[in-house]
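Me: I am new to this structure and would be grateful for a close look at a single part of it. Please describe how one helix packs against another, and what lies around that part.

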Amino acid sequence: MTDVSERSGVLRRIFASETEAAPGDSHEQVVLCHDRDSGLKAVIAIHSTALGPALGGTRFHPYASEEEAVQDALNLARGMSYKNALAGLDLGGGKAVIIGDPAPRAEGGDKSEALLRAYGRFVQSLGGRYVTACDVGTYVADMDVVARECDYVTGRSPEHGGAGDSSVLTAFGVFQGMRASAQHRWGSPSLEGRRVGVAGIGKVGHYLVRHLVEEGARVVVTDVRAEAVERVRAEHPQVEVVADADALIRADLDVYAPCALGGALDDTTVPALTAGIVCGAANNQLAHPGVEKDLADRGILYAPDYVVNAGGVIQVADEIQGFVFERARAKAAKIFDTTLEIFDRARADGVPPAVSADRLAERRMADIGRLRSILLTGPRKQ
Ligand SMILES: NC(=O)c1ccc[n+]([C@@H]2O[C@H](COP(=O)([O-])OP(=O)(O)OC[C@H]3O[C@@H](n4cnc5c(N)ncnc54)[C@H](O)[C@@H]3O)[C@@H](O)[C@H]2O)c1
């Protein structure tokens, strides 16, 4: 048997033993899918099924290399285990990536009905261990196509029994996380009169602005797309607009909400931040490990991204049992309590909230995973 130190790249990571792997970085299964006829090349990564079938979206992206695609699938799948655990779902974490240009084939890209259906057959072959959904580069209409070959698909259109656009409850959940942050920081969940900066007013950001305006917050926004700014200004003329994310970070804010791309919090932006709270929808806001400590050292309360942006996965998870909006919304409202619990534990343990969130997710996976394995196999003989 090859020693782990002699393996290279992704194999080293996949087959690392519990002691060799980075914390939480141990995956159950990785499936490489190839369909020559349609040109499909995909990776399905199942990080953990301790809490149930692994749920996570399908990213369609022109990766620079196949190795990069596998690494991304592994990272994203791990993130879904933690997100689903803290969202209180009976679901594990997985993610898939399709390597290619997500534009339709008719427009010079790689996406076609044949490719999506071939992908659906691979997901089906896993018998429900992995349940897919939309992610960057895949849309509700794509999931409708995948569902023609596969039973384990969420994020479909309402006409096909799906929950539709997940950004509605993502924004609602971020708003709940922000109210919990205000409660922890200022002793009241109200955001009335608070100055909140939203960077990125796309699908999630523009719904978040609506919640904030209804709450009576003073909202400042920025977006690189003029049409996104115009849409928000047309709905809420009172919203202030600044030139770019850099100007927003330096504006006099109470709360900063990154709702565009990842990596918004880094060695340059954290020292410039004026806000006392950071709480937004963007995934992977911390550019590198250690930023959470820089935020804490500056006295800035950071609401962990994967905790507060779980409304979307709660929405698509509800679809598995037949989508009921009010039930999903009630579950997303619990993001308020979870965020508060993480802040309280972080304070008690003397660690940043991002560390506290990881610990809580790991505890749930270990405790419930152990319980499930006892129920399935019976207690071990002594
Ligand atoms: N849609 C969901 O349900 C969901 C769920 C969880 C997490 N997220 C995360 O939330 C974020 C936003 O998602 P979305 O669905 O609203 O995406 P989106 O593409 O609809 O919106 C992103 C917006 O950010 C803008 N933007 C990009 N770069 C910018 C920059 N440098 N400065 C200012 N604006 C910039 C874009 O123009 C766009 O309007 C992403 O990081 C996504 O991964 C989304």
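Reply: The following account concerns one pair of helices, and then the loop that precedes one of them. The model is a predicted one.

The pair consists of helix α5, residues 167–186, and helix α14, residues 335–349. Their axes are 8 Å apart and form an angle of about 40 degrees. Because of that angle, α5 is oblique to α14. The crossing in which α5 passes α14 is right-handed.

On the α5 side, the residues that meet α14 are Gly-173, Gln-176, Gly-177, Arg-179, Ala-180, Ser-181, Gln-183 and His-184. On the α14 side, their counterparts are Ile-335, Phe-336, Thr-339, Leu-340 and Phe-343. Sorted by class, this contact of α5 with α14 comprises 5 nonpolar, 7 polar and 1 charged residues.

Attention may now turn to the loop between α4 (140–146) and α5, where Tyr-152 is placed. Is Tyr-152 buried or exposed? Tyr-152 has 21 C-beta neighbours inside 10 Å, and a residue is buried if it has 20 or more, so Tyr-152 counts as buried. Leaving aside residues up to four places away in sequence, Tyr-152 touches Val-123, Gln-124, Gly-128, Tyr-130, Val-131 and Thr-132. A further reference point is Pro-53, which is 99 residues from Tyr-152 along the chain. The C-alpha atoms of Pro-53 and Tyr-152 are separated by 9.8 Å.

Technical notes
Residues numbered from 1 in each chain as written. Predicted model: local features only at pLDDT ≥ 70, side-chain atom pairs only at ≥ 80, totals over all residues. Axes fitted to C-alpha atoms, helices over the stretch in contact; angles between N-to-C directions. Helix = DSSP H or I, 4+ residues; strand = E, 2+ residues; numbered from the N terminus. Parallel < 35°, antiparallel > 145°, perpendicular 65-115°, else oblique. Left-handed = near helix turned anticlockwise from the far one by under 90°. Contact = placed C-beta atoms within 7 Å. Nonpolar A, V, L, I, M, F, W, Y, C, P; charged D, E, K, R; others polar. Buried ≥ 20, exposed ≤ 12 C-beta atoms within 10 Å, placed from the backbone.
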